[in-house]
Amino acid sequence: TLGMLVPLLLVLLFCLGGHAGLSPHFLKQPDDLVALLGDEARLPCALGEYWGLVQWTKDGLALGGERDLPGWSRYWISGNAASGQHDLYIRPVELEDQASYECQATQAGLRSRPAQLHVLVPPEAPQVLGGPFVSLVAGVPANLTCRSRGDARPTPELLWFRNGIRLDGTTFHQTLLKEGTTGSVESILSLTPSSVDDGATLVCRARSQALPSGKDTAITLSLQYPPVVTLSAEPQSVLEGEKVTFLCQATAQPPVTGYRWAKGGSPVLGARGPMLEVVADASFLTEPVSCEVSNAVGSANRSTALDVQFGPILQARPEPTSVDVGEDASFSCAWRGNPLPRVTWTRSGDAQVLGSGPTLRLPSVGPEDAGDYVCRAEPGRSGLGGGAAEARLTVNAPPIVTALHSAPAFLRGPARLQCLVFASPAPDAVVWSWDEGFLAAGSQGRFLVETFPASESRGGQGPALITVLHISGTQESDFSRGFNCSARNRLGEGGALVSLGRRDLLPTVRIVAGAAAAAMTLLMVIIGVALCCWRHGKASFSKQKNLVRIPGSSDGSSSRGPEEEETGSGEDRGPIVHTDHSDLVLDEEGALETKDPTNGYYKVRGVSVSLSLGEGPGGGLFLPPPSPLGPPGTPTFYDFNPHLGMVPPCRLYRARAGYLTTPHPRAFTSYIKPTSVGPPDLTPRTPPFPYAAFPTPSHPRLQTHV
């Protein structure tokens, strides 16, 4: 039974479905539509199984049932009504056409779904304020404003482009009208132009759905900018002393109004225009040349430094250094040059290189390291410059005391001992000491101490002092003991032992005796020649004889030779010579009698010498000039050597000429005792200091002691 019901139900359903397909229905309904202002809009509508009245409504308002829609000049219904086509056309579309539309089958009671017609208004070309040529100042921030025009729908988008590339940095601004509809739209482009933007073209584009390609408005930038400067030097690399030309080129809007040159920040006086010629020196390496160019907008400056090659120039000298023994020492010096000079260190007077570079380090110095150190810069590749600078290293150490050479002294005579002291720091005290005492300064009994700076010093061992111990009236003990010269500073003490040498009189007597024998021999030769001339002479000699008796024996005896007796009988005698010496006396015969000054100690025998002394041109006594030798208070010496060295012709020899006329069997010269003792010579290894040598007891001229 159930199996039979199923086929029946299927037949019923088939019958019902066939009856429904014959009722009116929509074959096509309108959809939302977007139309451009001025274009044509078409809203489709198709009905099946319906041949009645069809009408369209606009926002609920019926447009009418006729096909040409009277009263709506831009509206009409088109299509084959027999086939159910009832499409609504609008041309041209206007803003008022934007509404909701329905297609209705009135007799069938059918209504289509509503279709919204959107009317799009494409944007017009935007407006750029200040265009089409906009004047800007380079480097000064500026805003460019692009504004839309017309009642574009939808609201357009404003974009900025340069060379087809979209620019960033824009802001968008929209103005609303009172009715709530969209008003004008602005886009502002913020930029800081530069000189390269002069003449550039910028585009503002208004774009929307109504006009995807958009509409453009172009502007050209007219830029005012300060000068753009390029500074060059020819040649760029030079030797010191060569000429260099600087060229300053500039582009500017408005044009350039002036140039100004400077070197190292200081104006170059008299420099005008875009060119400058100079003579390069070392300062151009560190003091660049600058060129400043100006116009009405502003100014710009460019500078350049030359590659000047020059020899080493000393910038910082090494400073003297003082350190204690065992400490480290260092010196520093600075040289400037191009190319950079090579700096070496040596000791003064030594070619050995101790180090290189601006700093010399000496670890754990000793006294031997004291001295002068030289910082030397070698000339560069240019061959210019170069030089050296010295600094002294003083090593603080205990004093170094050196005994200086002291001259031997006579017993009971003055003596002088001295020593040389080097000390850094300066000694606190310098002391002479001996067996029974010591003395640092001043006098004590027979002893006197003097200390004074030396004229020279050993480099790096501190200032030198000379200390002298004077002894008046030496004793036997002074020659056998040592005198200690010592000095002390904060680092220690140093000393040296000085001995006094003795000088005897015996060598002096031998020297005097030898000199006397030589003088006597010479006198005998001269007297023999004079006697020969006397005998053959025509002139008569003076009868009065002036006899000068040379001291001889201790008993004061003297003798005359036969020649003296012979010559003593003349009538024309000269005056007798009188002196103020206490050792000459007149004997009973009126002659000068001499004393033995040694009281017979040296057994000197007297020798009588007869001199004929004539008168001078003025009538006075004619004598040779006194000898300058000998201190005040000693006997006067007459130098007969110039006369004794001349042998007058026998025939022309005159008695009144004042020469020696009597032969003499003996003669001798006298030894002169020095009156002062100068500083002795230094020992061979001591530094040279001024001293006075003892005078040598020898005399080149023959003298007679009267």
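Asn 163 counts as exposed, because its relative accessibility of 70% is over the 50% that marks an exposed residue. In this predicted model, Asn 163 is also notable for its backbone, with a positive phi of about 55° although the residue is not a glycine, and its place is in the loop between strand 15 (157-162) and strand 16 (165-166). Asp 59 likewise has a positive phi, of about 50°, without being a glycine, and this residue lies in the loop between strand 5 (54-58) and strand 6 (61-62). With a relative accessibility of 55%, Asp 59 counts as exposed. As background for these backbone angles, most residues other than glycine have a negative phi, and most peptide bonds are trans.

**Cis peptide bonds**

Where the peptide bonds are concerned, the bond from Gln 253 to Pro 254 is cis, with omega near 5°. Gln 253 belongs to strand 22 (residues 243-253), whereas Pro 254 is found in the loop between strand 22 and strand 23. Is Gln 253 buried, partly exposed or exposed? Gln 253 is partly exposed, because its relative accessible area is 36%, a value that falls between the limits of 20% for buried and 50% for exposed. The C-alpha atom of Gln 253 is separated by 7.2 Å from that of Pro 227, a residue 26 positions away along the chain. A cis bond also joins Ser 424 and Pro 425, where omega is about 5°, and Pro 425 sits in the loop between strand 37 (415-424) and strand 38.

**Salt bridges**

How many salt bridges does a search of the whole structure find? The search finds 19 salt bridges, and the table gives some of them with the distance between the closest N and O atoms.

| Basic residue | Acidic residue | Closest N and O atoms |
|---|---|---|
| Arg 111 | Glu 102 | 2.9 Å |
| Arg 260 | Glu 292 | 3.1 Å |
| Arg 446 | Asp 478 | 2.9 Å |

In the salt bridge between Arg 111 and Glu 102, Arg 111 is exposed, with a relative accessible area of 57%, while Glu 102 counts as buried at 14% relative accessibility. The salt bridge of Arg 260 with Glu 292 ties together parts of the chain that are 32 residues apart in sequence, because Arg 260 lies in strand 23 (residues 258-263) and Glu 292 in strand 26 (residues 289-294). For the salt bridge between Asp 478 and Arg 446, the partners again come from distant parts of the chain, 32 residues apart: Asp 478 is in helix 3 (residues 476-480), and Arg 446 is in the loop between strand 40 (442-444) and strand 41 (447-453). Asp 478 is buried, with a relative accessible area of 0%. Elsewhere, Arg 74, Glu 94, Glu 96 and Asp 97 are linked in a network of salt bridges.

**Aromatic side chains**

Seven aromatic pairs are found in a search of the whole structure. One of them is formed by Trp 434 and Phe 483, whose rings are tilted, with 6.2 Å from centre to centre and 50° between the planes. This pair links distant parts of the chain, since Trp 434 is in strand 38 (residues 429-434) and Phe 483 is in strand 43 (residues 482-489), 49 residues apart. Both Trp 434 and Phe 483 are buried. Phe 331, Trp 345 and Tyr 373 form one aromatic cluster.

Aromatic rings also meet charged side chains in this model. The charged end of Lys 263 sits over the ring of Phe 284, at 4.7 Å from the ring centre, and the charged end of Arg 502 sits over the ring of Phe 479, at 5.4 Å from the centre of that ring.

**Nonpolar surface patch and annotated segment**

On the surface, Val 137, Val 140 and Val 297 form a nonpolar patch, which together has about 180 Å² of accessible area. Within this patch, Val 140 lies in the loop between strand 13 (133-137) and strand 14 (142-147), and Val 140 is partly exposed, with a relative accessible area of 42%.

Finally, an unreviewed UniProt entry places the feature "transmembrane region" at residues 511-534. In the model, the span of residues 511-534 is 100% helix and 0% strand, and its end C-alpha atoms lie 34 Å apart.

Methods: Residues are numbered from 1 along each chain as its sequence is written. This is a predicted model: local features need pLDDT of at least 70, side-chain atom pairs count only at pLDDT 80 or more; totals for chains, interfaces and linings use all residues. Side-chain values use heavy atoms; hydrogens and water are left out. Patches are made of residues with over 30% relative accessible area and no salt bridge: like charges are joined within 9 Å, nonpolar side chains (Val, Leu, Ile, Met, Phe, Trp, Tyr) within 5 Å. Accessible areas come from the Shrake-Rupley method with a 1.4 Å probe; for residues, only the protein chains shown count as cover. A salt bridge is a side-chain nitrogen of Lys or Arg within 4 Å of a carboxyl oxygen of Asp or Glu. Helices (H or I, at least four residues) and strands (E, at least two) are DSSP runs, numbered from the N terminus. Buried means under 20% relative accessible area, exposed over 50%, partly exposed in between (1.4 Å probe, protein chains only). UniProt positions are given in the numbering used here, feature names are shortened, and annotations may be inferred rather than shown by experiment. Rings of Phe, Tyr and Trp (its six-membered ring) pair if their centres lie within 6.5 Å; planes under 30 degrees apart count as stacked, over 60 as edge-to-face and the rest as tilted. A charge sits over a ring if NZ of Lys or CZ of Arg is within 6 Å of the ring centre and within 35 degrees of the ring normal.
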